[in-house]
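Here are some notes to read alongside the structure, written for someone meeting it for the first time. Keep the view open and turn to each element as it comes up.

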Amino acid sequence: MSSHPSQIAAAATSDRLPVTLPRLTEMKRLGEAIVMVTAYDFPSARAAEAAGVDLVLVGDSGAMTVLGYPSTVPVETDELLVLAKAVRRGLRTPFLVGDLPFGSYEVSNEQAVRTALRFVKEAGCDAVKLEGGGATSTARARAVVNAGIPVMGHVGLTPQTATALGGYRAQGRDAAAAARVAAEALALQEAGCFSLVFEAIPSDVAAEIMARVEIPVIGIGAGPATDGQVLVFHDLLGIREGLGARFVKRYANLQDDMVAGVAAYADDVRSRRYPEPQHGYAIDAAELQAFRQHLT
Ligand code: KIV
């Protein structure tokens, strides 16, 4: 009898060692693909753990996927920390990265270090991620690294500053723009980042930059040349309305399943098919009789 993929994954992760920075470096050296996914709560963390992914990101995408904001811009550090703590409780082996929200690190190096420390001390994150590779982001990355916290950089499409980039669109699509993405990636590497995210850049541009980057690079809409891939949990499982970005591959349609499940429940309640006898609790006949007498 063949095993269900979830059983294979659970068996594979039960004796798995926690993923560390040296292990990520080794994976890059050996050419082993690195799997990263976002998570925002205990169940999504348990799914990532059971599936044996390597990196989990409490992305500020949670602003949209679970908190219902129209973009990642409004979310506050305190809100993401609640999500990160729930994810931490559900994880044992993947390396956990917390996303620094917009406005929580740009003002000064001190602000960046203070926010990063909260993700590590209060939520138990192993590292933080911040967006952008310009002078400000690079300085903040360096300051946080110097404070002893591993930093993942993020270049290409950076949703926190999508307005300044002209919207949610691929970056690096002409030579000058591609050169900017490359310079930002190298600057973040030089600042001490342990890893980078490349988001929504042409596959050929990513491949050229890969040849010059020594740290593990995780791609999302950056083609196959990166060391690993990341997708947003709700995108890959279809827990959303609409299709999402071009780079999303959908592995399930849970939103449809959720709607169907709730609709079937509502139907059962309205037609009094639920609850059935097996969903209730029994009381001894004598106790029931005594209770009835008590009521009269
Ligand atoms: O917030 C997020 O989910 C991200 C990933 C897309 C990398 O930044």
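1. Let's begin with strand 5, residues 151-156, where six of the six residues are buried. Buried means under 20% relative accessible area and exposed means over 50%, with partly exposed in between (1.4 Å probe, protein chains only). Strands (E, at least two residues) and helices (H or I, at least four) are DSSP runs, numbered from the N terminus. This is a predicted model: local features need pLDDT of at least 70, side-chain atom pairs count only at pLDDT 80 or more, and totals for chains, interfaces and linings use all residues. Residues are numbered from 1 along each chain as its sequence is written, and side-chain values use heavy atoms, with hydrogens and water left out.

2. Which residues cover the two faces of strand 5? In a regular strand, side chains alternate between the two faces of the sheet. Here Val151, Gly153 and Val155 are buried on one side, and Met152, His154 and Gly156 are buried on the other.

3. Now look at the partners of strand 5. Strand 4 (residues 127-129) runs parallel to strand 5 and is joined to it by two bridges; strands count as paired if DSSP finds at least two bridges between them. Val128 is the residue opposite Val151. Between these strands the chain passes through helix 7 (residues 135-146), in a right-handed β-α-β crossover. Right-handed means that, with the strands pointing away from the viewer, the path from the first strand over the helix to the second runs clockwise.

4. Strand 6 (residues 195-199) also pairs with strand 5 in the parallel sense, over five bridges. Gly156 faces Glu199 across this pairing. With helix 8 (residues 175-190) in between, strands 5 and 6 form a right-handed β-α-β unit.

5. Strand 6 brings us to the core. Phe198 and Leu196 are among the residues with the most contacts inside the largest nonpolar core, which has 73 residues. Such a core is a set of buried Ala, Val, Leu, Ile, Met, Phe, Trp, Tyr and Cys residues joined through side-chain atoms within 4.5 Å. Not counting residues up to four places away in sequence, Phe198 touches residues including Val155, Ala185, Ile209 and Ile220; contact means heavy atoms within 4.5 Å.

6. Do pause at Gln160, in the loop between strand 5 and helix 8. Is Gln160 buried or exposed? Gln160 is buried, with a relative accessible area of 4%. Its side chain makes a polar contact of 2.7 Å with that of Asp60 and one of 2.8 Å with that of Tyr105. A polar contact is a pair of N or O atoms within 3.5 Å; within protein, one must be able to donate a hydrogen and the other to accept it, and residues adjacent in sequence count only if both atoms are side-chain atoms.

7. Helix 2 (residues 21-30) has Leu24, Met27 and Lys28 as its buried residues. Seen down the helix axis, they fall within an arc of 100°, so they line one face of helix 2; the arc is that of the directions from the axis to the C-beta atoms. On the face turned away are the exposed residues Pro22 and Arg29. Just after helix 2, Gly31 has a positive phi of about 75°.

8. Finally, step back to the whole protein chain. Its secondary structure comes to twelve helices and eight strands, and 45% of its 296 residues count as buried.
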